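Please examine the sequence and the structure shown here before reading on. The explanation that accompanies them is meant to be followed with both in view.

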Amino acid sequence: MTEAATGQLASRLCWIYPDRGTLRQREAEAAAIWTTYTKIAADCGLRMSLHKAEALSVDATGDGEPAVFLDGERITPQDTILVTSLWSLPHQVPEVCNQLFAYTILEQAGFYLPIPPHTSYITTDKMATMLFLRDCPVPRVPTVRIGSGRDSISRHYKPALTGLTYPLLVKPAYWGMGQGVCLVRNDHELRGVIGLAGGADTALVVQPYLGEGVNDFRVYVIDGKAHTVLRRIPQGASLTANLVNGGRLEYPELPKELESSIDYIAAKLDMPYFCADFLWDGKQFWLSEVEPDGACGYATTEEVAKIQHAVIEGRFRAYVEAHARWIAERAEASA
């Protein structure tokens, strides 16, 4: 694909990411993710940089395109791709408002965003994802979303739970990385978890417990096609298959049962890159969630690092080509 055929190629890749972690978190992320990303981006002809949402400044006083700055440096729709996934882990919640408005402003300012704001908002909340993908060929994990907070003592959520039976999995509606996942066996335990979540005003999703040893299949999708499959296998009775919780990983072929679902999700999202997560309970697959900014990092071996490198490079090259097509289409439309 040539620049002449598709339009101007971007030279910058700007990642908007909340700077709310501890020093330990930032150092770990830099070593396991951002350093690798920056090197691979350079191989793709991109100068990558990280920015907080609050680093955005916009001058719209003129009649033409607004002047947009990140940390004081001018960026334009022609030279910059912006990664704008919504991050809402517990320590990032104070930054959510900045992210929401910054991403919307960048979209209105005419920038190409490979993770469109409306898509990021849908995929961040687990119930929104389930509703958006209601026709997925693989069944969705049955899910109920309930609010917590000061009024939860009234048990206003009880009518919504009549379709579920114990034991149940309860997890925050818009966190990630396996944080806050709890197994509850009765009303008393459920009320306790809801009470704790209320301390952070965190909405919850409630799902049936699929049993011990449920595997997690993550499908990395690039340009609408399954690129790589990561299978995460939990340790013992762990409620999540995350590596930090002792899970094992392997990279199998895409299960045939997931092929039509990947095609369906790719058509619905229409993004150059995303991850689709499915649970395998030993009998069938369940759609779990979608991650538009699904990270590759924390490689455990050189072999895993090579697999991750191929995914990251494929992602960045897909971004560059999608941006070039987008620029060419804009130029054609305005001609």
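The paragraphs below treat two sheets with their helices, then a pocket, and then a cavity.

This is a predicted model, in which local features need pLDDT of at least 70 and side-chain atom pairs count only at pLDDT 80 or more, whereas totals for chains, interfaces and linings use all residues. Residues are numbered from 1 along each chain as its sequence is written, and side-chain values use heavy atoms, with hydrogens and water left out. Helices (H or I, at least four residues) and strands (E, at least two) are DSSP runs, numbered from the N terminus.

One open sheet has 4 strands in the order 7-10-8-9, with antiparallel pairing; two strands pair if DSSP finds at least two bridges between them. Strand 7 (144-146) and strand 9 (182-184) each have a single partner strand and stand at the edges, so one side of each is left without a neighbour in the sheet. On average, neighbouring strands of this sheet are turned by 30° against each other, direction ignored. Axes are lines fitted to C-alpha atoms, for helices over the stretch in contact, and angles run from 0 to 180 degrees between N-to-C directions. Strand 7 is joined to strand 10 (residues 204-208) by 3 bridges in the antiparallel sense, and V144 has V206 of strand 10 as its bridge partner. Helix 6 (residues 187-198) lies across strand 7, strand 8 (168-172), strand 9 and strand 10, and runs at about 145° to strand 9. Contact here means heavy atoms within 4.5 Å.

A further open sheet has 5 strands, ordered 13-12-11-14-15, again with antiparallel pairing. Its edges are strand 13 (248-250) and strand 15 (285-291); each has a single partner strand, so one side of each is left without a neighbour in the sheet. The antiparallel strands 12 (residues 225-233) and 13 are joined by 3 bridges, and R232 has L249 of strand 13 as its bridge partner. Two helices lie across strands of this sheet. Helix 7 lies across strand 11 (215-222), strand 12, strand 14 (273-280) and strand 15, at about 140° to strand 14. Helix 8 lies across strand 11, strand 12, strand 13 and strand 14, at about 40° to strand 11.

Both of these helices also take part in a pocket lining. On a 1 Å grid over the protein atoms alone, a pocket is an open set of points with protein on both sides within 12 Å along at least five of seven lines, a cavity is a set where a 1.4 Å probe fits but cannot get out, and lining residues have an atom within 4 Å of a point. Grid points are joined across faces, edges and corners, and a volume is the space filled by probe spheres set on the points. The second largest pocket holds about 420 Å³ of space. Its lining has 21 residues, of which Y112, D270, M271, P272 and A322 lie nearest its centre. Helix 8 gives the most to this lining, with 4 residues.

The structure also holds 1 cavity of 30 Å³ or more. The largest cavity encloses about 40 Å³, and its lining consists of I16, K52, A53, L56, L70, A102, Y103 and L106. Within this lining, L70 belongs to strand 4 (residues 67-70). L70 is buried (under 20% relative accessible area, with a 1.4 Å probe and protein chains only; exposed is over 50% and partly exposed in between), its own value being 2%.
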